Amino acid sequence: MRFRDRLVCLTFIAFLFALLPAPAASQETSWQRELAAWRTQYVADLLKPDGWLSLAGLEWLQPGDNSIGSTPDNRIHLASGPAHLAILHLEGETVTLNPPAGGFPPDFLVAGTPAKSQSLRAEANNDKVSPHLTIGTLNMYVIRREPRFALRIKDSHSPAIVGFHGLKWYPPDPAYRVTAEWIPYSPHKTIALATLVGTSYDQPVPGAAEFTLAGKTFRLEPILEDPAVAKLFFILRDTTSASTTYGACRFLYTGFPNNGLDKPGELVLDFNRLENPPCAYTPYSTCPLPPQGNRLSIPLPAGEQRYHE
């Protein structure tokens with residue numbers, strides 16, 4: 001009887017161990033959960049009142065006065081808002097905000113304070129420094145794309161937000177999560193990135209990530225957008241761009257390599273996190289195009305697929 005009880009106990013313990021997932025399966029499940037959480041957050045960011053789906057206009061400024069308002073007599077026509085909101089005066093490399101004939105509307109704000117005549121800061125390819133002009137659901141700011149200036153218009157009730165129909169993703173595939181060798185550049189090199197609107201701008205490249213996939217070795221070069229932020233920005237294209245993914249490019253953001261930027265090391269490239277650039281959703285963005293070396297000759301059936309068919 002004692003032997004039988006012992007046997008039952010051992011059988012029950014063996015049954016419990018059988019229910020436990022294998023280590024590899026456990027890791028994969030954890031990775032899938034992290035990926036699902038990242039994709040959920042990505043959608044939430046797109047749908048923010050000032051996210052990329054809120055883009056409702058991109059108006060290039062002409063030298064002199066550029067009137068803004070909802071009536072047809074304005075050079076920059078708004079879909080909603082006051083008939084005459086403001087005037088942007090472009091002279092050389094200076095953009096000045098001036099009132100219309102009737103003055104600024106009382107609820108028109110510049111960087112959170114009531115609007116007044118002032119010059120507006122706009123740095124080349126650095127939109128974060130531009131003060132935001134807000135009224136109602138509209139959020140606008142001046143951007144600079146050498147040598148041109150434009151007014152970017154966002155609307156928290158934009159057609160893209162109201163008509164959002166979800167994103168399409170490839171199923172998660174751990175085969176497209178690779179560990180790359182990090183090859184630092186000393187000194188960092190600079191490349192000129194072309195954009196979809198015909199401009200170009202220089203960006204620093206701190207090194208290259210070399211990896212093997214489909215039996216071949218490839219090398220991708222990332223952009224270092226902000227040295228103060230531990231993030232690398234890969235702009236790339238693969239052969240799926242001809243069929244299932246956005247034709248111009250896709251983006252991939254990663255952290256820094258395990259030994260930092262200036263020493264050889266390793267860097268994880270999870271192509272399941274490939275995302276569309278803003279220009280995949282809206283015609284009102286100015287997206288960079290991938291450098292020649294980041295145009296891969298193999299398919300990467302992972303990450304985000306086309307938004308518009």
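What follows is a working chat about a predicted model.

Colleague: How many helices and strands are in the protein?

Modeller: Three helices and 17 strands.

Colleague: And what radius of gyration does the protein have, set against a compact globule of 309 residues?

Modeller: The protein has 25 Å, whereas a compact globule of that many residues would have a value near 19 Å. Along the principal axes, the C-alpha atoms fill a box of roughly 100 × 50 × 35 Å.

Colleague: What share of the residues is buried?

Modeller: Buried residues are 43% of the 309. As for contacts with a separation of 6 or more, 57% of them are between residues 24 or more positions apart.

Colleague: Which residues have the most contacts inside the largest nonpolar core?

Modeller: Leu88, Phe108, Met140 and Leu151, in a core of 24 residues. Strands 4, 5, 9, 10 and 11 each supply at least two residues of this core.

Colleague: What does Leu151 touch, beyond residues up to four places away in sequence?

Modeller: Its contacts include Leu88 and Met140, both also on the list of residues with the most contacts in that core. Among the others are Gly57, Glu59, Ile68, Ile76, Leu133 and Val142.

Colleague: Where is the other core?

Modeller: A second, separate core has 23 residues, including Val178, Ala209, Leu213 and Leu274.

Colleague: Back to strand 11. Is Lys154 there buried or exposed?

Modeller: Lys154, in strand 11 (residues 148–155), is buried.

Colleague: Which side chain of opposite charge is nearest to Lys154?

Modeller: Asp50, at 5.4 Å, and Lys154 has no salt bridge. A salt bridge needs a side-chain nitrogen within 4 Å of a carboxyl oxygen, so that pair does not qualify.

Colleague: What does the backbone of Asp50 do, then?

Modeller: Its backbone oxygen lies 2.6 Å from a polar atom of the Lys154 side chain.

Colleague: What else is Lys154 in contact with, leaving aside its neighbours within four places?

Modeller: Besides Asp50, the list has Gly51, Ser54, Leu55, Ala56, Thr137, Leu138, Asn139 and Tyr141.

Colleague: New topic, Ser200. Where is Ser200 found?

Modeller: In strand 13, which covers residues 200–213.

Colleague: Why does Ser200 count as partly exposed?

Modeller: Because its relative accessibility is 44%, and partly exposed runs between the 20% and 50% cut-offs.

Colleague: What is Ser200 in contact with, sequence neighbours within four places aside?

Modeller: Leu193 and Ala194.

Colleague: How far apart in space are Ser200 and Gly163?

Modeller: They are 32 Å apart, C-alpha to C-alpha, with their positions 37 residues apart in sequence.

Technical notes
Residues are numbered from 1 along each chain as its sequence is written. This is a predicted model: local features need pLDDT of at least 70, side-chain atom pairs count only at pLDDT 80 or more; totals for chains, interfaces and linings use all residues. Side-chain values use heavy atoms; hydrogens and water are left out. Helices (H or I, at least four residues) and strands (E, at least two) are DSSP runs, numbered from the N terminus. Buried means under 20% relative accessible area, exposed over 50%, partly exposed in between (1.4 Å probe, protein chains only). Lys and Arg count as positive and Asp and Glu as negative; His and the chain ends are not counted. A polar contact is a pair of N or O atoms within 3.5 Å; within protein, one must be able to donate a hydrogen and the other to accept it, and residues adjacent in sequence count only if both atoms are side-chain atoms. Contact means heavy atoms within 4.5 Å. A nonpolar core is a set of buried Ala, Val, Leu, Ile, Met, Phe, Trp, Tyr and Cys residues joined through side-chain atoms within 4.5 Å. The radius of gyration is taken over C-alpha atoms; the globule rule is 2.2 Å times the number of residues to the power 0.38.
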